[in-house]
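Colleague: I'd like a close look at one part of this model rather than the grand tour. Pick a side chain that does some work at a helix contact, tell me what surrounds it, and then follow the thread outwards as far as it goes.

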Amino acid sequence: MTDVVQNRSDVQTRIAKARAKAVGPAPATTLIAVSKTHGVEAVRALLQAGQRHFGENKVQEAQAKFPALKAEYPDLVLHLIGPLQTNKVREAVALFDVIHTLDRPKLLNALKAECEKTDRHPALFVQVNTGAEPQKAGVLPADAAAFVAAAKAAFGGQLKGLMCIPPVGEAPAPHFAFLRKLAGEAGLADLSMGMSDDYETAIAFGASFVRVGSAIFGARTYPPKTSV
Ligand SMILES: *Cc1c(COP(=O)(O)O)cnc(C)c1O
């Protein structure tokens, strides 16, 4: 069985080393343990070891796993790192503390209305599709500055920073550098970037949140697709 507690400790050590080597690292780098597809036992083991930030990419899966854990650990911080459909905004605002995937005007409006209605104010990140990949979520680089300005006008300090997922098979560094530049121009402090294969590189470019799944939990097995 995967020793998630040992893995998490190893990742924390590598984060500390990467921060020590970085020129101008973020003031702090928070490790988000990405628990998607993994069961609550592993999450519970990490909670007992002191881990508090967890990431999920699907609202429904998070709803099945986290309400009870949040009741037990009031300082658990739950991050939504996957695409958010407007028809799931109500559930997302009720459950998540941080939403990393704000990427279009329709979602901005739905989130704003829901936050006002419920007086819940999850921290927000704008996702930027730095590789301009057609299949990927996120605002396109050319539209990013205008969209971030709109999000700032709507949410003020609730908007914390920018998030990206570099294209598979490309060197991630230019994407991280680009995201850092955009955030600097927009006056946003936080950068959500870096996954199991590239979080040390992300830290070198100022990541304040790294989202690490398989390096902690082991490989994910997805249910087989029902159609092709
Ligand atoms: C799954 C996922 C991660 C974690 O990926 P690993 O390669 O397993 O570390 C990070 N960010 C997002 C948006 C993800 O969907």
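Modeller: First, a ground rule: when I say two residues touch, I mean they have heavy atoms within 4.5 Å of each other. Also bear in mind that this is a predicted model.

My pick is K65, which sits in helix α3. Is K65 buried or exposed? K65 counts as buried, because its relative accessibility is 10% and the cut-off for buried is under 20%. As for where the side chain goes, it reaches the backbone oxygen of S35 at 2.9 Å. Leaving out residues up to four places away in sequence, K65 touches S35, K36, T37, H38, V40 and E56.

One of those neighbours, T37, deserves a detour. T37 is placed in the loop between β1 (30–34) and α2. Its phi is near 70°, a positive value in a residue other than glycine. As background, most residues other than glycine have a negative phi. T37 counts as partly exposed because its relative accessible area is 33%.

Another neighbour, V40, takes us to the helix contact. V40 is one of the α2 residues facing α3, along with V43, R44 and L47. The α3 side of that contact is made by K65, F66, L69 and E72; in other words, our lysine is part of it. Helix α3 covers residues 59–72, and its axis comes within 11 Å of that of α2, crossing at roughly 25°. That angle is under the 35 degrees cut-off, which means α2 is roughly parallel to α3. The crossing is right-handed. Sorted by class, the contact of α2 with α3 has five nonpolar and three charged residues, with no polar ones.

Keep going through α2 and you reach α1. Helix α1 (residues 4–21) and helix α2 (residues 40–48) pack at an angle of about 55°, with 9 Å between their axes. Because of that angle, α1 counts as oblique to α2. Here too the crossing is right-handed. V4, V5 and R8 make the contact from the α1 side, and A42, A45 and L46 from the α2 side. By class, five residues of this contact are nonpolar, one is charged and none is polar.

Now back to α3's other lysine that I'd flag by way of its partner: K70, touched by D97. D97 is placed in the loop between α4 (89–95) and β4 (98–102). What joins the side chains of D97 and K70? A polar contact of 3.2 Å does. The side chain of D97 also reaches the backbone nitrogen of L78, at 2.8 Å. Beyond four places in sequence, D97 touches K70, L76, V77, L78, R120, P122 and A123. D97 counts as partly exposed because its relative accessible area is 26%.

From D97 you can step along the chain to L108: the two are eleven residues apart, with 16 Å between their C-alpha atoms. L108 belongs to another helix contact, made by P105, L108, L111 and K112 of α5 and by F147, A150, A151, A154 and F155 of α6. The axes of helix α5 (residues 105–118) and α6 come within 11 Å and cross at roughly 10°. That makes α5 roughly parallel to α6, because the angle is small enough for that label. The residues here divide into eight nonpolar, one charged and no polar.

Just one loop to add, since it echoes T37. A132 lies between β5 (123–127) and α6 (141–155), and its phi is positive, about 45°, although A132 is not a glycine. A132 counts as partly exposed because its relative accessibility is 44%.

To sum up the starting point: K65 is a buried residue, its side chain reaches the backbone oxygen of S35, and K65 takes part in the contact of α2 with α3.

Definitions and conventions
Residues numbered from 1 in each chain as written. Predicted model: local features only at pLDDT ≥ 70, side-chain atom pairs only at ≥ 80, totals over all residues. Heavy atoms only, no water. Axes fitted to C-alpha atoms, helices over the stretch in contact; angles between N-to-C directions. Helix = DSSP H or I, 4+ residues; strand = E, 2+ residues; numbered from the N terminus. Parallel < 35°, antiparallel > 145°, perpendicular 65-115°, else oblique. Left-handed = near helix turned anticlockwise from the far one by under 90°. Nonpolar A, V, L, I, M, F, W, Y, C, P; charged D, E, K, R; others polar. Buried < 20%, exposed > 50% of the residue type's maximum accessible area, 1.4 Å probe, protein only. Polar contact = N/O pair within 3.5 Å; in protein donor to acceptor, adjacent residues only side chain to side chain.
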